[in-house]
Amino acid sequence: METRTAFHKKLREIQYDILAMGSMVSKAISRSIEALKNRDLALAQQVITDDNKIDHKRFEIEEKCVELIATQQPMASDLRTILAVLNILSEVERIGDYAEGIGKIAIMIGNEPPLKPLIDIPRMAEQTVDMLRRSLDAFVNRDAAAARQIVTEDDTIDHLYDQVFRELLTFMAEDPKTITRATRLIWVAHNLERAADRVTNICERVVFVVTGKMEEIGASKY
């Protein structure tokens, strides 16, 4: 009994570590968009540098999972949770990579005059951060219904991406001199669209932990 109690304590600690990592990634996304909007190259560089901390956090949690499997011989339901953790870690780390990518794009854009006011891209970022936070809460709380609801919100991100893409294509068609700047903003929007897709993958793992069934509950249109 003491061994099982210690096991579940360590498993809870791992799940709280995931929440901490998710907070790091959420901050990275928000900061990358802030850097882009404000032409803050120092902040963009900080986002890039801090990605190493996110990677380190992932490896740290993975090591805890491996140790737990090796020393505690988890039962089937517990093993399912640990496997879900490992998959979720990968998704969260990749979202951090998208934030790093946006930071690099912000540096590429540098101090060039803005092509247009950024409205839809920050909305995409805000929605993605909110979805990420709630998906990890759903995992910790074993809330499959919340996970399924979050997946439906990916449509909002897709619609915003379509809107950004069409608008920027119009800029490029009307003035070829804007092609480079517009293309870079499309890259930013694409990174956010892919980040939201990663959140839907997290939600699928939440459903897996709760139901024991692996199913695709959100298929991206891209």
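A residue counts as buried when its relative accessible area is under 20%, as exposed when that area is over 50%, and as partly exposed in between (1.4 Å probe, protein chains only). By this measure Asp 50 is buried, because its relative accessibility is 18%. The model examined here is a predicted one, in which local features need pLDDT of at least 70 and side-chain atom pairs count only at pLDDT 80 or more, while totals for chains, interfaces and linings use all residues. Residues are numbered from 1 along each chain as its sequence is written, and side-chain values use heavy atoms, with hydrogens and water left out.

A good place to begin is with the salt bridges, each defined as a side-chain nitrogen of Lys or Arg within 4 Å of a carboxyl oxygen of Asp or Glu. The count by this rule is 18. Asp 50, already met above as a buried residue, is paired with Lys 53 in one of them, with 3.6 Å from N to O. The two residues are separated by about one helical turn, because they stand three residues apart in helix H2 (residues 41-72). Helices here are DSSP runs (H or I, at least four residues), as strands are (E, at least two), and the numbering starts from the N terminus. Unlike the buried Asp 50, Lys 53 counts as exposed, because its relative accessibility is 52%.

A second salt bridge links Arg 58 to Glu 93, with the closest N and O atoms 3.2 Å apart. Arg 58 belongs to helix H2 and Glu 93 to helix H3, so this pair ties together parts that are 35 residues apart in sequence. Both Arg 58 and Glu 93 are buried.

Helix H3 also holds a pair of its own. Lys 104 and Glu 100 form a salt bridge whose closest N and O atoms are 3.7 Å apart. About one helical turn separates Lys 104 from Glu 100, because they are four residues apart in H3. Lys 104 is partly exposed, because its relative accessibility is 42%, whereas Glu 100 is buried, with a relative accessible area of 16%. Elsewhere, Asp 130, Arg 133, Arg 134, Asp 137 and Glu 153 are joined into one network by salt bridges that share partners.

Helix H3 (residues 76-109) contains Leu 79 as well. Together with Ile 69 and Leu 83, Leu 79 forms a nonpolar patch on the surface, and the three have about 210 Å² of accessible area together. Patches are built from residues with over 30% relative accessible area and no salt bridge, joining like charges within 9 Å and nonpolar side chains (Val, Leu, Ile, Met, Phe, Trp, Tyr) within 5 Å. The areas come from the Shrake-Rupley method with a 1.4 Å probe, and for residues only the protein chains shown count as cover. Leu 79 counts as partly exposed, because its relative accessibility is 31%.

Attention can now turn to the spaces in the model. On a 1 Å grid over the protein atoms alone, a cavity is a set of points where a 1.4 Å probe fits but cannot get out, while a pocket is an open set with protein on both sides within 12 Å along at least five of seven lines; lining residues have an atom within 4 Å of a point. Grid points are joined across faces, edges and corners, and a volume is the space filled by probe spheres set on the points.

One cavity of 30 Å³ or more is counted, and the largest cavity holds about 60 Å³ of space. Its lining includes Lys 116, Asp 120 and Glu 167, along with Leu 168 and Leu 185. Helix H4 (120-141) and helix H6 (154-174) each give at least two residues to this lining, and H6 provides the largest share, three residues. The lining divides into seven nonpolar, no polar and three charged residues, where Ala, Val, Leu, Ile, Met, Phe, Trp, Tyr, Cys and Pro count as nonpolar, Asp, Glu, Lys and Arg as charged, and the others, Gly among them, as polar.

The largest pocket contains about 150 Å³ of space. It is lined by 13 residues, of which Arg 39, Pro 114, Leu 115, Lys 116 and Leu 118 are the closest to its centre. Helix H1 (2-38) and helix H7 (179-211) are the elements that give two or more residues to this lining. The pocket lining comprises eight nonpolar, no polar and five charged residues.

Arg 39 is found in the loop between H1 and H2 and has a positive phi of about 55° although it is not a glycine.
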